[in-house]
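Welcome! Please take a moment to look over the sequence and the model, and then read on for a short guided tour.

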Amino acid sequence: MKLLLKFNLVFLIVFALGLGAAGTIARGLLQQNAHDEVLDRARLLMENALAVSSYTATQIAPLLETQMKYTFLPQSVPAYSSTEVLNTLRKNHPEYAYKPAMLNPTNPRDRAQDWEEDVIQQFRQNPERSEFVGQRATPSGPVTYIARPIKLSNPVCLRCHSTVDAAPKPMVDKYGPANGFGWTMTEVLGAQVVSVPMSVPLERADRAFRIVMALLAGVFLLIVLALNLMLWQLVIRPVSRLSTLSDRVSLGELDAPEFNTKSRDEIGVLAESFARMRKSLVHALKLLE
């Protein structure tokens, strides 16, 4: 097996191992970055929903107390306001979904689904928990969601959600007497959930991964070509010439041409050693004659 082939085989094995390790690490980092980016945006939407709910409860609801005696206005409900605002945002960002999932909601559209009930139970079983992050499979691909508990912390809310008799009659007429009552203070009533499909960010991560791997492969090819050229020019070619001259001299061709080189590297030192050995051989043969 020739020297150049041995060199390329060793280099190919080392590169394959390095590329495999680099690819595994790079893919993991890119997917983790995609997941973190999704969570950051989901948390931003969650904070937006909380801000809208707080604004509605502290500034909008008191202004509508008089009208609420005659007509129920859902705009005074914090959960309704936050849902409407984020639904408007979803017109430009349809990949995000927001829902104040409740076990016993006033508005039927807020009723929790099966998987949302499981999330709410996580908060009920661990009252100190402030956030839950999970992933679930859907027909369109994996979806990452972030949830925060909904607790009754404002006693004013009990005027509408304690008993049917205490609730405003317009609200009961609109939603009926069976939903949204019996709430108690500090009870975990539901969870605010922001869901984001992972298909798009994972696709971006895979595209970035392919670009990174293509760049690494391109750099490898350039390195291989450069090293092969240098190895051929600086090592294999002069060693082959020196080997050919050595064979000719060893067979008695003392008139074989000199190996001329100006190099001061190992090849140059070897050529000088060969020249001295050749002169010694010629001198020894002359003495024998």
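This report covers the sheet, a residue beside it, and the spaces in the protein.

## The sheet

Please keep in mind that this is a predicted model. A good place to begin is the open sheet, which has 4 strands in the order β1-β4-β3-β2, with antiparallel pairing. Strands β1 and β2 (132-138) stand at its edges, and each has a single partner strand, so one side of each is left without a neighbour in the sheet. On average, neighbouring strands of this sheet are turned by 30° against each other, direction ignored.

Now look at β3 and β4, which pair in the antiparallel sense over 9 bridges. To find one spot in this pairing, go to A147, whose bridge partner in β4 is V193. Helix α4, made of residues 114-125, lies across β1, β2, β3 and β4 and runs at about 125° to β4.

## A residue just after β4

Follow the chain to M198, in the loop between β4 and α7 (199-250). Is M198 buried or exposed? With a relative accessible area of 2%, M198 counts as buried, because that value is under 20%.

Which residues does M198 touch, leaving aside its neighbours within four places in sequence? Its contacts are H35, V38, Q135, P142, V143 and T144. V38 is 160 residues away from M198 in sequence, yet the two are 7.9 Å apart in space, C-alpha to C-alpha.

## The largest pocket

The largest pocket holds about 1200 Å³ of space. It is lined by 42 residues, and the closest to its centre are A57, V77, P78, C157 and H161. The elements that give two or more residues to this lining are α1 (3-60), α2 (65-68), α3 (78-89), β1 (97-102), β3 (141-151), α5 (158-161), α6 (169-175) and β4 (188-197).

What kinds of residues make up the lining of the largest pocket? By class, there are 27 nonpolar, 10 polar and 5 charged residues.

## The cavity

The model also has 1 cavity of 30 Å³ or more. The space in the largest cavity is about 50 Å³. You can locate this cavity by its lining residues, L45, L86, L89, R90, H93, Y96, A97 and Y98.

Both α3 and β1 supply at least two residues of the lining of the largest cavity. By class, this lining divides into 6 nonpolar residues, 1 polar and 1 charged.

Definitions and conventions:
Residues numbered from 1 in each chain as written. Predicted model: local features only at pLDDT ≥ 70, side-chain atom pairs only at ≥ 80, totals over all residues. Heavy atoms only, no water. 1 Å grid on protein atoms, 1.4 Å probe; cavity = no way out; pocket = protein on both sides within 12 Å on 5 of 7 lines; lining within 4 Å. Points joined across faces, edges and corners; volume = space filled by probe spheres on them. Nonpolar A, V, L, I, M, F, W, Y, C, P; charged D, E, K, R; others polar. Pairing = 2+ DSSP bridges. Axes fitted to C-alpha atoms, helices over the stretch in contact; angles between N-to-C directions. Contact = heavy atoms within 4.5 Å. Buried < 20%, exposed > 50% of the residue type's maximum accessible area, 1.4 Å probe, protein only.
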